Amino acid sequence: MSSPDPQVRAARNHSTSPAVRGPVVAVTGAASGIGALLTERLAASEEIKQVIAIDERRGECAAAQWHILDVRDPAIAEKLRGADVVVHLALDLDLETDPAARSAYNVRGTQTVLTAAAAAGVHRVVLCTSAMVYGALPDNELPLSEDAELRATAEATGVGDLLEVERLARRAPRAHPGLNVTVVRPGVLVGGTDTALTRYFESPRLLVVAGSRPAWQFCHVEDLCSALEYAVLEKVEGELAVGCDGWLEQEEVEELSGIRRMELPSAVALGAAARLHRIGLTPSPAGDLAYTMYPWVVSGSRLHDAGWRPQWTNEEVLAELLAEVSGRHTVVGRRLGRKDATAAGAAGATVALLGAAAVVRRARKARRRI
């Protein structure tokens with residue numbers, strides 16, 4: 001009896017090969033931003049059996065199984081049945097969102113996802129916060145280990161929410177035995193992001209507070225997604241910090257960016273930022289300035305020990321950030337239109353950094369007419 005044709009034999013071998021035994025992964029916030037990037041990455045991975053995508057609208061990844069709902073809806077538990085791992089990325093950290101509404105969404109959403117995951121028999125939840133939870137303080141070590149104390153306060157944009165997410169992460173395994181929680185904390189995130197820290201590079205001058213010692217460590221969204229995939233595949237667990245290797249001193253940032261500094265006394269810079277935020281002219285509270293004053297660089301040793309390496313350097317990410325923000329104009333966290341930017345520039349760099357005098361005058365006149 002003759003042997004089967006080679007093509008027939010290959011087809012038989014393919015049809016009898018074992019199915020993918022990797023995990024079924026659910027991703028919340030899957031329609032946009034980091035969630036969309038991770039969903040596409042996991043759907044294309046041979047190590048992932050299936051991706052369940054959850055958001056309030058359908059995204060573009062056709063290979064995922066989509067469920068359209070709010071993560072605060074308890075019905076999410078039924079959508080998570082059959083999942084081995086949940087990556088919760090449905091967080092609102094938009095600078096323009098009402099802070100109370102933002103906190104309510106972030107905290108309630110995380111609570112619901114953790115409870116629903118436990119009820120659905122999911123064995124691991126991966127949460128993403130930020131290295132900002134370590135706090136930016138003058139006595140921080142360079143770099144900080146993952147086990148360093150979380151010394152941040154709720155004074156910076158969204159950090160209070162992230163600290164609450166961290167508290168929920170620590171409590172969840174005790175409240176739900178058998179549920180493991182991994183927390184990933186990226187540095188200054190770059191790649192289609194809009195934060196108080198990326199807006200820092202949209203200013204006409206880089207504000208430097210006298211006596212401070214900034215240290216800049218970036219994290220590209222592609223590196224964050226690869227770190228999240230490591231967590232999904234259980235190549236590493238626990239509390240993970242992720243970012244480029246090393247850091248850049250302020251002088252290096254100024255040289256690479258070509259943007260000159262404007263140095264101001266601490267009382268002047270913090271006082272101006274607080275006043276402008278209090279009267280509603282800027283979305284960034286004064287607490288955001290601390291992250292441009294003091295170091296909060298992380299080592300990322302756990303990911304490195306597991307074999308993970310960043311594909312981007314700090315210099316490369318800074319170059320991408322500068323390309324992204326080119327043409328934008330921001331003063332003290334507030335993005336300006338073309339006319340406002342011209343007025344601020346004409347008033348001089350010092351005035352611009354203190355809040356764009358032209359914009360302040362215009363807002364005062366508008367209030368008088370009310």
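1. In this predicted model, a patch of negative charge on the surface brings together Glu249, Glu252, Glu255, Glu315 and Glu316. Two elements, helix 8 (250–257) and helix 11 (314–325), each give two or more residues to the negative patch.

2. Of the patch residues, Glu252 is found in helix 8, and its relative accessible area of 34% makes Glu252 partly exposed. That value matters for the assignment because a residue joins a patch when its relative accessible area is over 30% and it has no salt bridge.

3. Helix 8 has two sides that can be told apart by burial: Gln250, Val253, Glu254 and Ser257 are its buried residues, and because they cover an arc of only 95° around the axis, they lie on the same side of helix 8. An α-helix has 3.6 residues a turn, so residues three or four places apart point the same way. On the other side of helix 8, Glu251 and Glu255 are exposed, and Glu255 is also one of the residues in the negative patch.

4. Two points of backbone geometry deserve a look. The peptide bond that runs from Leu142 to Pro143 is cis, with omega near -5°, and Pro143 itself lies in the loop between strand 5 (124–128) and helix 5 (159–175).

5. The other point concerns Glu234, a residue other than glycine whose phi is nevertheless positive, near 60°. Glu234 is placed in the loop that links helix 7 (221–232) and strand 11 (239–242), where its relative accessible area of 41% makes Glu234 partly exposed.

Key. Residues are numbered from 1 along each chain as its sequence is written. This is a predicted model: local features need pLDDT of at least 70, side-chain atom pairs count only at pLDDT 80 or more; totals for chains, interfaces and linings use all residues. Side-chain values use heavy atoms; hydrogens and water are left out. Patches are made of residues with over 30% relative accessible area and no salt bridge: like charges are joined within 9 Å, nonpolar side chains (Val, Leu, Ile, Met, Phe, Trp, Tyr) within 5 Å. Accessible areas come from the Shrake-Rupley method with a 1.4 Å probe; for residues, only the protein chains shown count as cover. A salt bridge is a side-chain nitrogen of Lys or Arg within 4 Å of a carboxyl oxygen of Asp or Glu. Lys and Arg count as positive and Asp and Glu as negative; His and the chain ends are not counted. The place of a charge is taken as NZ of Lys, CZ of Arg, CG of Asp or CD of Glu. Helices (H or I, at least four residues) and strands (E, at least two) are DSSP runs, numbered from the N terminus. Buried means under 20% relative accessible area, exposed over 50%, partly exposed in between (1.4 Å probe, protein chains only). The arc is that of the directions from the helix axis to the C-beta atoms.
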